Amino acid sequence: MNRTMQPEISIEVLIAGDRAEFARLVDTYSSPIYRLGLRMLGNPQDAEDVLQNTFLNALTHLSSFEGRSSIATWLYRIAANEALMLIRKKKLEVSLEGSDHVNENEAFEDLKPAQFADWSALPEDELLSTEGKKILDSTIQTLPESLRIVFVLRDMEGLSIKETADALDLTETNVKTRLLRARMFLRERLSAYYTEHLQEE
């Protein structure tokens, strides 16, 4: 999201209850919030739920916004919480149905690269093709949510390390560590896919 091109939202006007300003807020940030929900959950309906709940929560808690972060970072924080809560709710439902529960800490520790294929030789259009984007999106879904949300905010939505840390209430060091693990995991998975793809050709 190129936030430099977005019109500035007035917090004071929002808090005063101006409906037009809130509509402008929704119009400005709906697309990135929806993308975040879709990339975190992989389901359009779930992404819509994240979007709606984010702005409902924002409207409810506008008076408590202290301005210590940007309005965009504040919205991302709400959206991230909404997405993570929905993911955990779905995990609980699966667990109650009798499926094996996966400890995220165990999965987190298992994210060690086994091999790196040389994907630097891949043509750029392969990586940016419709199929390539679908593979990336589906691979992102396999990340533990604590890594997934960091990767989505930093690498997909373009937030800075500081903005990502502020949105998730993490230290910048923690963000960098999780981002590195996420990138290593995704690189390995995508390398394996594209290596197989090239061999087939």
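Over which residues does pLDDT stay under 50, and how many contacts beyond four places in sequence does the model have for them? Select residues 104-121: pLDDT stays under 50 throughout this stretch, and the model has 31 contacts for it beyond four places in sequence. The structure on display is a predicted model. Where pLDDT is low, the predicted coordinates should not be read in detail.

**Confidence along the chain**

Colour the chain by pLDDT. The mean for the chain is 81, with 75% of its residues at 70 or more. Helix α5 (residues 104-109) has the lowest confidence, at a mean of 48, whereas helix α9 (residues 161-168) has the highest, at 96. Select residues 1-5 next: here the pLDDT is below 50, and the model gives this stretch ten contacts beyond near neighbours in sequence.

**The aromatic pairs**

The whole structure holds two aromatic pairs. To view one of them, select phenylalanine 22 and phenylalanine 55, whose arrangement is edge-to-face, with 6.4 Å centre to centre and 90° between the planes. This pair joins distant parts of the chain, since phenylalanine 22 belongs to helix α2 (residues 19-41) and phenylalanine 55 to helix α3 (residues 44-60), 33 residues apart. Phenylalanine 22 counts as buried because its relative accessibility is 15%, under the 20% cut-off. Phenylalanine 55, at 7% relative accessibility, also counts as buried.

Move on to phenylalanine 65 and tryptophan 74. Their pair is tilted, with 4.9 Å centre to centre and 50° between the planes. Phenylalanine 65 has a relative accessible area of 10% and is therefore buried. Tryptophan 74 counts as buried at 8% relative accessibility.

**A buried glutamate**

Now select glutamate 82, which is located in helix α4 (residues 71-96). Glutamate 82 has no salt bridge although it is buried; lysine 89, the nearest side chain of opposite charge, is 9.6 Å away. Display the surroundings as well: apart from neighbours within four places in sequence, glutamate 82 contacts Val50, Asn53, Thr54 and Asn57.

**Helix α8 and the glycine after it**

Finally, select helix α8 (residues 145-156). Is this helix mostly covered or mostly uncovered? Helix α8 is mostly covered, as nine of its twelve residues are buried. The buried residues of α8 are Glu145, Ser146, Leu147, Arg148, Ile149, Val150, Phe151, Val152 and Leu153. End the tour at glycine 158, just after α8, where phi is positive, at about 80°.

Notes:
Residues numbered from 1 in each chain as written. Heavy atoms only, no water. pLDDT = per-residue confidence, 0-100. Helix = DSSP H or I, 4+ residues; strand = E, 2+ residues; numbered from the N terminus. Contact = heavy atoms within 4.5 Å. Phe/Tyr/Trp six-rings, centres within 6.5 Å; stacked < 30°, edge-to-face > 60°. Buried < 20%, exposed > 50% of the residue type's maximum accessible area, 1.4 Å probe, protein only. Lys, Arg positive; Asp, Glu negative; His and termini not counted. Salt bridge = Lys/Arg side-chain N within 4 Å of Asp/Glu carboxyl O.
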